Amino acid sequence: MTDPDLLFPPDPRTREVARILFAHAKDLPIISPHGHVDPWLLADDRAFGDPAQLLIVPDHYVTRLLYSQGVDLDALGVTRRDGAPVQTDGRAIWRLLAEHWSVFRATPSRLWLELTLAEVFDIRTPLSVGTADAIYDALAERLAADAFRPRALFERFGIEVLATTESATDDLAAHAKLAADGWSGRVVTTFRPDDVVDPEWEGWGTRLDRLGEMTGEDTLTYRGYLAAVQARRDAFRAAGARSTDHGHPTARTLELDHAEASRLYARLRRAPNPEDAEVFRAQHGSRGRAGNPPRGRVAAGAVELEQQEAVFSWPVLGGMAAHDASCRS
Ligand SMILES: [Zn+2]
């Protein structure tokens, strides 16, 4: 873990180049243009929960690998859709990880966890069944300290800008709180309208009703829907958003005229069906038209809201910033 050449290429010549590049970059501030950190973590700045709730339960790479070995997701504390109770004892969850630690050999998850323990928490004891409790206690103790609160870690990691991602119906209260309380860390939102653009996303109609309430627009009509999405997009921009984030099942794009799109919208509002839904997504995936003529420009996969500073690295599909569906979670 302390090897300065960790993860560098084995070939001596390219390794030398990697060393030079890394030396340039390693102390630069972090500018994180896209991610899904919960902005309330930083707005509230409360201490994190127990070690398992921080490092295991929300990490689907870790829970999936354990599940593949027969470990029940309930036992790992993963929330159930039906709301039935799951394990809440962090120590018990942590012990399960320790019992199955060997299956993580040579995985990025193991490397990530070991680096986290060593570099963030200064815990260098190898994880095993025998050391699990001591490591858990050491983690819990550190997590209770002020130095491990979200804002302290934000500053320690040298983060200059962090972009979070919120859906169109988010009221952006966390960002308002961050802006109001004078903390120096810069956290901006990102406009993610998928759950009001995709009629097949469960609860679409209910969210459109909510969108109407938030904006005072009649979202039973297509015109009202467009105006409402535009209003939310403007609100996001006012709250600091510099980019949008979209996940689309396909790269299809098309451009219906207003009358045709209105009829499509009315049909979907009555009862979504897969064919109409795909056409609707295509209409609104093209050029970020959900409520806005394209005012920005598409650059390196980013749909920028103005000529602002954000740059995404996602591939451009059909003129939109697309990336994988895992961002839905
Ligand atoms: Zn994303």
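**Helix 1.** I looked up how well helix 1 is covered in this predicted model, and I found it hardly covered, with a count of zero buried residues among its 14. I then checked the span of helix 1, residues 12-25. From first C-alpha to last, helix 1 reaches 20 Å, close to the 20 Å expected at 1.5 Å a residue.

**Largest nonpolar core.** I turned next to the largest nonpolar core, which has 25 residues. Val196, Tyr225 and Val229 touch the most other members. I listed the elements that give two or more residues to this core: helix 2 (39-44), strand 2 (159-163), helix 9 (173-180), strand 4 (186-188), helix 10 (194-197), helix 11 (204-215), helix 12 (222-238) and helix 13 (258-270). Helix 12 gives the most, with five residues.

I followed Val196 further, leaving out residues up to four places away in sequence. Val196 touches Ala168, Thr169, Arg207, Leu208, Leu211 and Val229. Apart from the largest core I noted another, of 13 residues, including Leu55, Leu76, Trp94 and Leu139.

**Thr165.** I located Thr165 in the loop between strand 2 and strand 3 (166-167). Is Thr165 buried or exposed? I recorded Thr165 as buried, because 20 C-beta neighbours lie inside 10 Å, and the cut-off for a buried residue is 20 or more.

I then listed the contacts of Thr165, setting aside neighbours within four places in sequence: His36, Thr190, Arg192 and Asp245. I also looked up Phe191, which is 26 residues from Thr165 along the chain. The C-alpha atoms of Thr165 and Phe191 are separated by 6.4 Å.

Definitions and conventions. Residues are numbered from 1 along each chain as its sequence is written. This is a predicted model: local features need pLDDT of at least 70, side-chain atom pairs count only at pLDDT 80 or more; totals for chains, interfaces and linings use all residues. Helices (H or I, at least four residues) and strands (E, at least two) are DSSP runs, numbered from the N terminus. The expected span of a helix is 1.5 Å times one less than its number of residues. A residue is buried if 20 or more other C-beta atoms lie within 10 Å of its own, exposed if 12 or fewer, and partly exposed in between; C-beta atoms are placed from the backbone. A nonpolar core is a set of buried Ala, Val, Leu, Ile, Met, Phe, Trp, Tyr and Cys residues joined through C-beta atoms within 7 Å. Two residues are in contact if their C-beta atoms, placed from the backbone, lie within 7 Å.
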